[in-house]
Amino acid sequence: MSLESLRYRRGSLRVLNQLLLPQRSCYEQIGGVRQGWEAIRAMQVRGAPAIAIVGCLSLAVELHGGAGMGQGKAGLETFIHDSLRYLVTARPTAVNMARAAEELGAFTSQEAQREEVTAESLRESVIQWAEAMLEKDLRDNRSIGEHGARHLLQASPQDKVTVLTHCNTGSLATAGYGTALGVIRSLHALGRLAHVYCTETRPYNQGARLTAYELVYEHIPATLIADSMVSVAMKEKGVSAVVVGADRVVANGDTANKVGTYQLAIAAKYHGIPFYVAAPSTSCDLSLAEGAEIVIEERPSQELTDINGVRIAAPGIGVWNPAFDVTPHELITGGIITELGVFRPEELREALTRAVKGV
Ligand code: MRU
């Protein structure tokens, strides 16, 4: 059985508390929107797709319990819109929750306008909408894995490829399978993966705590390196490609992802190593023209100064802790791997627009 970031059945949502990994595997109950927001904010659950799924399912659970049902259809509609607006404020950089809020909000308004729709049937269709996110994300990740693995293998002269990745983009960050880690999983399943290097991903250590955990769990041959070792690994370890995830890919292909991604892309370019971003279309935001417009979340200074509650930095030092950085599109030399295929950054806008129109 593969790892699960969350366990859901109608009326009940539990998320794996990722703050406790790898020491303890503990699922915690999310009773509704406030708890969903808190779990996302505290990073018990993290990763762009998982944030949106947990957010929307926390609303589904609360609706199932009867919330918003007291004041008829209009009251329910208001409750849903308010809840979605609130969930978006938990973390600003990943676009998935904002997109889901926009789409589910529009769906809610549209449904509520239909005369034959009652408060009960509106509630049911909103719950179903949120539930459908789980399956879609899993399906998209499998496609990302297949497209990405095929592209990497075509671009590489080697029979087996070595991949370097950053942060955690696996089952723990999604509904399952993963994005960048999904590509790695697919390569491994094909017997074409030589080795994975995963970065520690300071300051929050998603690589050391979570990706390393997933790789060991899946028996994928892998080695952990500190972020400061990526250039020397590229020089000496036969890295064939770098594959990372994304929190927001904007119209020109500029990509916000875990801080440290930008320097990885610069180092990859210097070494002539293809650099790929793997992300579902739900992580793309065509409403922003370029990366400079993306809001970058800044996290508490303790994430940098302390490890497991023990201070490691000199008291009195100032701290800057941006959680993400933006990789300019020109450094994304391998391509952007989506469920629709692999695109050069300049092709992305048109490909996504065509997909929305269904042409
Ligand atoms: O701060 P996090 O752990 O939520 O950051 C996660 C990342 O940056 C991931 O690379 C991104 O969300 C993609 S997850 C499929």
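**Exercise 1. Determine which polar contacts hold the ligand's oxygen atoms and how far the protein covers the ligand.**

Step 1. Begin with the backbone: a polar backbone atom of Ala48 is 2.9 Å from an oxygen atom of the ligand, where a polar contact is a pair of N or O atoms within 3.5 Å. The model is predicted, so that local features need pLDDT of at least 70 and side-chain atom pairs pLDDT 80 or more, while totals for chains, interfaces and linings use all residues. Residues are numbered from 1 along each chain as its sequence is written, and side-chain values use heavy atoms, with hydrogens and water left out.

Step 2. Turn to the side chains. Asp247 places a polar side-chain atom 2.8 Å from a ligand oxygen, and an N or O atom in the side chain of Lys258 is 2.8 Å from an oxygen atom of the ligand.

Step 3. Consider the cover. Of the 420 Å² of accessible area that the ligand has on its own, the protein covers 99% (Shrake-Rupley method, 1.4 Å probe).

**Exercise 2. Describe the shell around the ligand.**

Step 1. The shell has 18 residues, of which Arg46, Arg91, Asp247, Asn257 and Lys258 come nearest; a residue is near if one of its heavy atoms lies within 4 Å.

Step 2. By class, seven residues are nonpolar, seven polar and four charged; Asp, Glu, Lys and Arg count as charged, and Gly counts as polar.

Step 3. Two elements, α2 (48-64) and β9 (255-258), give two or more residues each to the shell. Helices have at least four residues (H or I) and strands at least two (E) in DSSP runs.

Step 4. Domain 1 (6-137) and domain 2 (157-357) each supply at least three shell residues, with bounds from an automatic or database domain assignment.

**Exercise 3. Locate the unusual backbone geometry.**

Step 1. The peptide bond from Leu21 to Pro22 is cis, with omega near 5 degrees; Pro22 is in the loop between β2 (12-16) and β3 (27-30).

Step 2. The bond from Arg202 to Pro203 is cis as well, with omega near 5 degrees, and Pro203 belongs to the loop between β5 (193-199) and α7 (206-217).

Technical notes. Polar contact = N/O pair within 3.5 Å; in protein donor to acceptor, adjacent residues only side chain to side chain.
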